[in-house]
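Reader: I'd like to learn how to read a model like this one feature at a time. Could you walk me through it?

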Amino acid sequence: MATEEKKEPILPIVVSALYVYPIKSCSGISLEVAEIGQRGIRGDRAFMVVDQTGQFITQRQQPRMALIQPAVREDGAITATAPNMPEISIVADNTEKRYDVKVWRDTCIGVDQGDAIAAWFSTFLGVVCRVVHMPEDYMRQVDPRYATKEQDQVAFSDSYPFLLVNEASLADLNARMQEPVPVNRFRPNIVVQGTLPYDEDMWRKISIGQVTFHIVKASTRCPVTTTDQTTAVAGKEPLKTLATYRRAQKGVIFGQNLIHEHKGIICLGDTVEVVEKATTPNFTPRVIKGERTR
């Protein structure tokens, strides 16, 4: 009698980590419960560091931003600490001067947060800069090529309200490298576990807790991923390895960008329901002669 072939058990897909980044390009905060508002996780990238022309500053130019550690107080204020710096409190002030600030090709409105906060960041980073807050009465729309509705908006994130990373995909990447990298290199909002590597390439709609998300675009990764988030030292990985098997026309791909349908609450440990899948992945590898691609 033939022995029935054993199959691996199918595990539920769950949220294994949640992160919010109150100050764009500074350290993230781990959450157990995330309140999803109009722009994404409440308070995500609500503040941003800009130069004297209003151009956004990130770890691409200032890797030391990784060492700035925000925290959220019970009253909603943000505190920030950094090596050899006193703690500073940042209470969103929307009565100060408003001016245009730039995030890539988008011109947004930023509210200056005052000289004391600007001096703190300028001292630590070694460049003259200001800190701005996105006022609640301003709407920065998501790129209409990927938006699911006219009301889709985002704060000072590069482009989208959410970035999702799959733990299995990270494990696959780390297995290809000499030194593994932690998930914080990719600065995700939502991390999931319980599925196969790169299954997220096939997802088009998922449900987590009270919220439904559309997977709208694979994430093209920038040099920030090469900066150690605990030391601010930059190297070549993981982009060097990703380029060998996750290279697309416009760069290397890791993670997926999401847009939410509505407000709600999502929690650590929530089940991820894949509501809709595609017949083809939203990542097409750029095949280069002599290279092996997945």
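Reader: Let's start with one side chain. Which backbone nitrogen lies 3.0 Å from a polar atom of the side chain of Asn 166?

Author: Keep in mind first that this is a predicted model. For a polar side chain, look for the backbone atoms around it. Here the nitrogen belongs to Ala 168. There is a backbone oxygen as well, that of Leu 196, which lies 2.9 Å from a polar atom of the Asn 166 side chain.

Reader: Is Asn 166 buried or exposed?

Author: Buried, with a relative accessible area of 0%. Asn 166 lies in strand E12, residues 162-166. Leaving aside residues up to four places away in sequence, Asn 166 touches Val 192, Thr 195, Leu 196, Pro 197, Tyr 198, Asp 199 and Glu 200. So Leu 196 turns up both in that contact list and as the owner of the backbone oxygen.

Reader: On to sheets. In what order do the three strands of the open sheet run?

Author: With a sheet, get the order and the sense of pairing, then look at the edges. The order here is E6-E7-E8, with antiparallel pairing. E6 (69-72) and E8 (88-90) are the edge strands; each has a single partner strand, so one side of each has no neighbour in the sheet. From one strand to the next, the twist averages 30 degrees.

Reader: How many bridges pair E6 with E7?

Author: Four, in the antiparallel sense, with E7 covering residues 78-81. To find your place in that pairing, take Ala 71: its bridge partner in E7 is Thr 79.

Reader: Which helix lies across E7 and E8?

Author: That's H1, residues 115-125, and it runs at about 130 degrees to E8. A helix packed on strands is worth checking for its buried residues. In H1 these include Ile 117, Ala 118, Trp 120, Phe 121 and Leu 125. Ser 122 in H1 is buried too. Among the elements covering the buried residues of H1 are E5, E7, E8 and strand E11 (130-133). Just after the helix comes Gly 126, with a positive phi near 75 degrees.

Reader: And why look for clusters of nonpolar side chains in soluble globular proteins?

Author: Because nonpolar side chains in such proteins tend to be buried together. The largest nonpolar core in this model has 23 residues, and the members touching the most others are Ile 23, Val 49, Ile 68, Trp 120 and Phe 121. Strand E5 (47-50), E7, E8 and H1 are the elements that give two or more residues to this core. H1 gives the largest share, five residues.

Reader: What does Val 49 touch?

Author: Not counting residues up to four places away in sequence, its contacts include Ile 23, Phe 56, Ile 57, Met 65, Phe 121 and Leu 125. The list also has Gln 55 and Arg 130 in it. There's a second, separate core too: it has 22 residues, including Ala 34, Phe 162, Trp 203 and Ile 208.

Reader: One last feature, the hairpin. How many residues lie between E3 and E4?

Author: Check the loop, then the partners. Two residues lie between these strands, which form a hairpin. E3 (residues 33-37) and E4 (residues 40-41) pair in the antiparallel sense over two bridges. E3 also pairs with E18 (residues 264-267), again antiparallel, over four bridges. Ile 36 shows both pairings: its bridge partner in E4 is Ile 41, and in E18 it is Gly 264.

How values were computed: Residues are numbered from 1 along each chain as its sequence is written. This is a predicted model: local features need pLDDT of at least 70, side-chain atom pairs count only at pLDDT 80 or more; totals for chains, interfaces and linings use all residues. Side-chain values use heavy atoms; hydrogens and water are left out. Two strands pair if DSSP finds at least two bridges between them. Axes are lines fitted to C-alpha atoms, for helices over the stretch in contact, and angles run from 0 to 180 degrees between N-to-C directions. Contact means heavy atoms within 4.5 Å. Buried means under 20% relative accessible area, exposed over 50%, partly exposed in between (1.4 Å probe, protein chains only). A polar contact is a pair of N or O atoms within 3.5 Å; within protein, one must be able to donate a hydrogen and the other to accept it, and residues adjacent in sequence count only if both atoms are side-chain atoms. A nonpolar core is a set of buried Ala, Val, Leu, Ile, Met, Phe, Trp, Tyr and Cys residues joined through side-chain atoms within 4.5 Å.
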